[in-house]
Amino acid sequence: MTKTLIVVVAARITEWVEKGEVSPGYFNPDSRFEQIVIVSLVQDAAGQDVLRYLCGGAECLFVPLNFLSVSGLLSSAGFNAYLTGFYIKKWVVPKLPTNREFVVRSYGDTFSGKFAAILASFLRCRSVASIHTTFTHLPPQEVQTPKSKIIRILEGWSREYAHRHIDALAPVYSPIMASISVSYHDKTYVVPNAVDVKKNDRKTDFSRSGDLKIICVGRLVPGKSLLPILEGLLKLDQWHLTIVGSGPCEGEIRTWVMKHGKETNVTFIASMRNKELIASLKDFDLFVAHTSYAEIPKTVIEAGLIGLPIILNQPVATASQEYVDAPIFWANANADGYYNAFKDFWACREKWQGIGHSTRKHFERWFEPVFAGKMMADLLSQSENDCLRPWNEE
């Protein structure tokens, strides 16, 4: 009997698709499943076009709930496991198809992870939680409000429950292992997230004319300041930086640009659909980023898979296996560090093509999209896969 995949999310999937953040068939790894049930813990109104896009042609059922809300918090006594189970029995199970075998996957290991573990226990089926963030490390610049502190406490309780009861944990890259107790490493598998980069997106032209074309992509937030990058560029000639993204730090960046008279050197683009962004990356000479977070930025992965040379600050939070021997130009997280990295890149311009090819091959080793999708599908279905080894057996 073919299994039905139940996907549990704690976000509005319509926004994911509208922003172009996910690839077609995102909820159907390796196109392995013929039927998918999407359970959203927040109110959403996903149309058939959104469901078809995410499910990759599989039959799809959408179950929107209002669980992550003040009323949901109160009625479940802070997402108590027993009351959450009662909620699932009343509002979810009756909507599921009958005479099916299920497997449950949550996107996240907090509220969605706990919900998925309880649902899978009720259905007596396998459960897997994909983990996308490292909660144990926050940049010092990130401000914690009273509301965010309360949410963090509730997330911690849910995470503890999910890690204990879920059948398999699937962090999308190795730094997340810092968030997982060693007692659960025997059921933890690093499975990269699906990234929509195809062979025809690869960079093939490394010739240069005019200014050095640099791109930086991401939210303009504390912990991802672009000021060290801009200050590192000050001493250089013939460069142009395209900044794709917006956020609370945009004002200070624009002020810096005007103060230093670099308006013609910097272009701001508030947002781009991911498909258009991927297609445009190969037209640049260099990708640059700065982050104080532990995660490996999705934008860095995309640039790497395309074969675009990368400048990135040295990770300070936790080691990453994926970065070992990567042909990245590493910078100290200050103006001098980025200046030196830009100089080093400029000095080896006759080797840019080789650097780009080496970058692509390195990132394909860890993040190749088709390979990653097959890994997740095999983990869900418990199929043989030589690359699926528990973390404590690596």
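Let's start at an opening in the protein: β4 (101–107) and α13 (369–381) each put at least two residues into the lining of the second largest pocket. Keep in mind that this is a predicted model.

**The second largest pocket**

This pocket has a volume of about 450 Å³. Its lining is made up of 24 residues, and Ser23, Pro24, Ala194, Pro369 and Gly373 are the ones nearest its centre. Helix α13 supplies the largest share of that lining, with 6 residues. Sorted by class, the lining holds 12 nonpolar, 7 polar and 5 charged residues.

**The chain as a whole**

Now step back and look at the chain. Its secondary structure comes to 13 helices and 12 strands. The radius of gyration is 22 Å, close to the 21 Å that the globule rule gives for 394 residues, so the chain is as compact as a globular protein of that length. Along its principal axes, the C-alpha trace spans about 65 × 45 × 40 Å.

How many of the 394 residues, as a percentage, count as buried? The figure is 53%. As for who touches whom, take the contacts with a separation of 6 or more: residues 24 or more positions apart account for 74% of them.

**The nonpolar cores**

Nonpolar side chains tend to be buried together in soluble globular proteins. Here, the largest nonpolar core has 61 residues, and Ile6, Val39, Leu65, Phe115, Ile215 and Phe287 touch the most other members. Helix α5 gives this core its largest share, 8 residues. Apart from it lies another core, of 33 residues, including Leu241, Leu286, Phe342 and Cys348.

Leu65 is a good one to click on. Not counting residues up to four places away in sequence, Leu65 touches Val39, Ser40, Leu41, Val42, Gln43, Tyr87, Trp91, Val92 and Phe115. Two of these names, Val39 and Phe115, also appear among the residues of the largest core that touch the most other members.

**A cavity beside α5**

Are there any empty spots inside? Rolling a probe the size of a water molecule over the atoms shows where empty space is left. The structure holds 2 cavities of 30 Å³ or more, and the second largest has a volume of about 30 Å³. Phe67, Phe79, Thr84, Phe111, Lys114, Phe115, Ile118 and Ser158 line that second largest cavity.

Which helix gives the most to this lining? Helix α5 (residues 111–123) does, with 4 residues. By class, the lining divides into 5 nonpolar, 2 polar and 1 charged. Phe115 turns up here again as a lining residue, having already appeared in the largest core.

**Three buried residues**

A few single residues are worth a visit. Ser127 is found in strand β5 (residues 126–131). Setting aside residues up to four places away in sequence, Ser127 touches Val104, Ala116, Ala120, His165, Ile166, Asp167 and Ala168.

Phe363 sits in helix α12 (residues 352–367). Beyond its neighbours within four places in sequence, Phe363 is in contact with Val300, Ile301, Gly304, Leu305, Ile310, Ile328 and Glu368. Tyr53 is 310 residues away from Phe363 along the chain, and their C-alpha atoms are separated by 26 Å.

Cys249 has its place in the loop between β8 (239–244) and α8 (250–259). With neighbours within four places left aside, Cys249 is in contact with Leu220, Val221 and Pro222. Pro64 is 185 residues from Cys249 in sequence, and the two are 34 Å apart in space, C-alpha to C-alpha.

Why do these three count as buried? The cut-off is under 20% relative accessible area. Ser127 is buried because its relative accessible area is 1%, Phe363 also has 1%, and Cys249 has 11%.

**Two loop residues with positive phi**

Finally, here are two residues other than glycine whose phi is positive, Asn99 and Gln238.

| Residue | Phi | Loop | Relative accessibility |
|---|---|---|---|
| Asn99 | near 55° | between α4 (81–91) and β4 | 69%, exposed |
| Gln238 | near 55° | between α7 (227–233) and β8 | 47%, partly exposed |

Exposed or partly exposed: which label goes to Gln238? At 47% relative accessibility, Gln238 counts as partly exposed, whereas Asn99, at 69%, counts as exposed.

Methods:
Residues numbered from 1 in each chain as written. Predicted model: local features only at pLDDT ≥ 70, side-chain atom pairs only at ≥ 80, totals over all residues. Heavy atoms only, no water. 1 Å grid on protein atoms, 1.4 Å probe; cavity = no way out; pocket = protein on both sides within 12 Å on 5 of 7 lines; lining within 4 Å. Points joined across faces, edges and corners; volume = space filled by probe spheres on them. Nonpolar A, V, L, I, M, F, W, Y, C, P; charged D, E, K, R; others polar. Buried < 20%, exposed > 50% of the residue type's maximum accessible area, 1.4 Å probe, protein only. Contact = heavy atoms within 4.5 Å. Core = buried A, V, L, I, M, F, W, Y, C linked by side-chain atoms within 4.5 Å. Rg over C-alpha atoms; globule rule 2.2 N^0.38 Å.
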